[in-house]
Every structure is written in C-alpha cells, then in structure tokens.
Amino acid sequence: MAPLYVRDRQEMDHLLVTMHAQGWTMRALCRYFKIGRNTVRRIVRKNKARRDGGHSLLVSKLPRGSKLDAFLPRIKELLAAYPNITGPLRGIAGSRLSGWHLDPSGLLAVASPETQTQSHHSL
C-alpha cells in the first residue's frame with residue numbers, strides 16, 4: 001500500500017485504528033506511519049478503552065456517603081426525644097453560642113460565618 005498524506009494527528013489515529021482492525025500488525029503500522037511501537041500501542045489501547053467504556057454521561061456515579069451515616073439513627077433518636085435541643089442556642093444573645101442555626105439537613109447546629117470568626121478571635 002502506498003503511503004498516504006495525513007493532514008493531522010486525529011486523521012492518523014483514525015487510519016491507524018482502522019488499519020489495525022483490518023488485520024495490520026502493530027509492527028507493520030509502525031513501519032507504515034514511521035512512528036514507534038509504543039505510540040501505536042497507546043493509540044490502539046486508548047481507542048479500545050474509549051469504545052468499550054461507553055459515554056461518560058451514561059456512567060452513573062454512586063452517591064458518596066457521609067461521615068455521619070453511621071450515627072444518623074442515634075442522632076434522629078435524640079432529636080425525636082429532645083425536639084427543642086437546639087432552641088436555647090438561638091436564644092442566647094451575646095454569648096459564644098449566639099448565631100448558631102440548623103444546617104440544611106436539620107441534623108446539626110452549625111455556626112454562622114460571623115460566629116466562627118468571633119469565636120476564633122476570643123480564644
């Protein structure tokens with residue numbers, strides 16, 4: 001087969017993969033394209049992985065667990081037993097605990113950013 005003019009790397013990769021699928025050996029492809037065997041091997045493997053892996057949008061990512069997951073039953077039990085457990089934290093004006101509120105999950109009392117900076121300065 002006469003050498004072809006290759007315009008860019010993408011076209012070379014396409015030709016190389018197509019020729020490999022047609023039965024060309026890696027060594028023959030190296031001689032034909034005048035590139036190293038490891039380069040040919042890398043291009044063929046990358047294409048195979050991309051072809052077999054599927055589209056990245058089709059791969060579902062599992063939700064990650066939280067460090068609190070092991071303690072959630074006990075936390076929910078305590079919140080059920082003591083529904084106003086975080087109430088006094090909101091009502092203490094002028095103390096280090098003022099400015100605390102429940103996080104979006106409703107499980108933990110967290111300090112607002114202003115409270116965190118004040119508590120760091122007072123220590």
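What is the accessible surface of the protein, and what percentage of it belongs to carbon and sulfur atoms? In this predicted model, the accessible surface amounts to about 10200 Å², and carbon and sulfur atoms account for 58% of that area. Of the 123 residues of the protein, 18% are classed as buried.

The secondary structure consists of six helices and two strands. Read from the N terminus, the order of the elements is α-α-α-α-α-β-β-α, with the two strands placed between the fifth helix and the last one. When contacts between residues at least 6 apart in sequence are considered, 30% of them join residues at least 24 apart.

In soluble globular proteins, nonpolar side chains tend to be buried together. The largest nonpolar core of the model comprises eleven residues, namely M12, L15, L16, M19, L29, C30, Y32, F33, V40, I43 and V44. At least two residues of this core come from each of α1, α2 (26-33) and α3. An α-helix has 3.6 residues a turn, so residues three or four places apart point the same way. In α2, the buried residues are A28, L29, C30, Y32 and F33; these buried residues pack against α1 and α3. Four of these names, L29, C30, Y32 and F33, appear in the list of the core as well.

The residue that follows α2 is K34, which lies in the loop between α2 and α3. Most residues other than glycine have a negative phi. The phi of K34, by contrast, is positive, with a value near 60°. K34 is also exposed, because its relative accessible area is 70%, and the cut-off for an exposed residue is over 50%.

Rolling a probe the size of a water molecule over the atoms shows where empty space is left. The largest pocket found in the model has a volume of about 220 Å³. Its lining is formed by R9, Q10, D13, H14, V17, R42, I43, K46, N47 and R50. Both α1 (9-21) and α3 (37-53) contribute at least two residues to this lining. In terms of class, five of the lining residues are charged, three are polar and two are nonpolar. One of the residues in the lining, I43, is also listed in the largest nonpolar core. The helices α1 and α3 thus supply residues to the pocket lining and to the core.

Notes:
Residues numbered from 1 in each chain as written. Predicted model: local features only at pLDDT ≥ 70, side-chain atom pairs only at ≥ 80, totals over all residues. Heavy atoms only, no water. Helix = DSSP H or I, 4+ residues; strand = E, 2+ residues; numbered from the N terminus. Buried < 20%, exposed > 50% of the residue type's maximum accessible area, 1.4 Å probe, protein only. Contact = heavy atoms within 4.5 Å. Areas by Shrake-Rupley, 256 points an atom, 1.4 Å probe, with all protein chains shown as cover. 1 Å grid on protein atoms, 1.4 Å probe; cavity = no way out; pocket = protein on both sides within 12 Å on 5 of 7 lines; lining within 4 Å. Points joined across faces, edges and corners; volume = space filled by probe spheres on them. Nonpolar A, V, L, I, M, F, W, Y, C, P; charged D, E, K, R; others polar. Core = buried A, V, L, I, M, F, W, Y, C linked by side-chain atoms within 4.5 Å.
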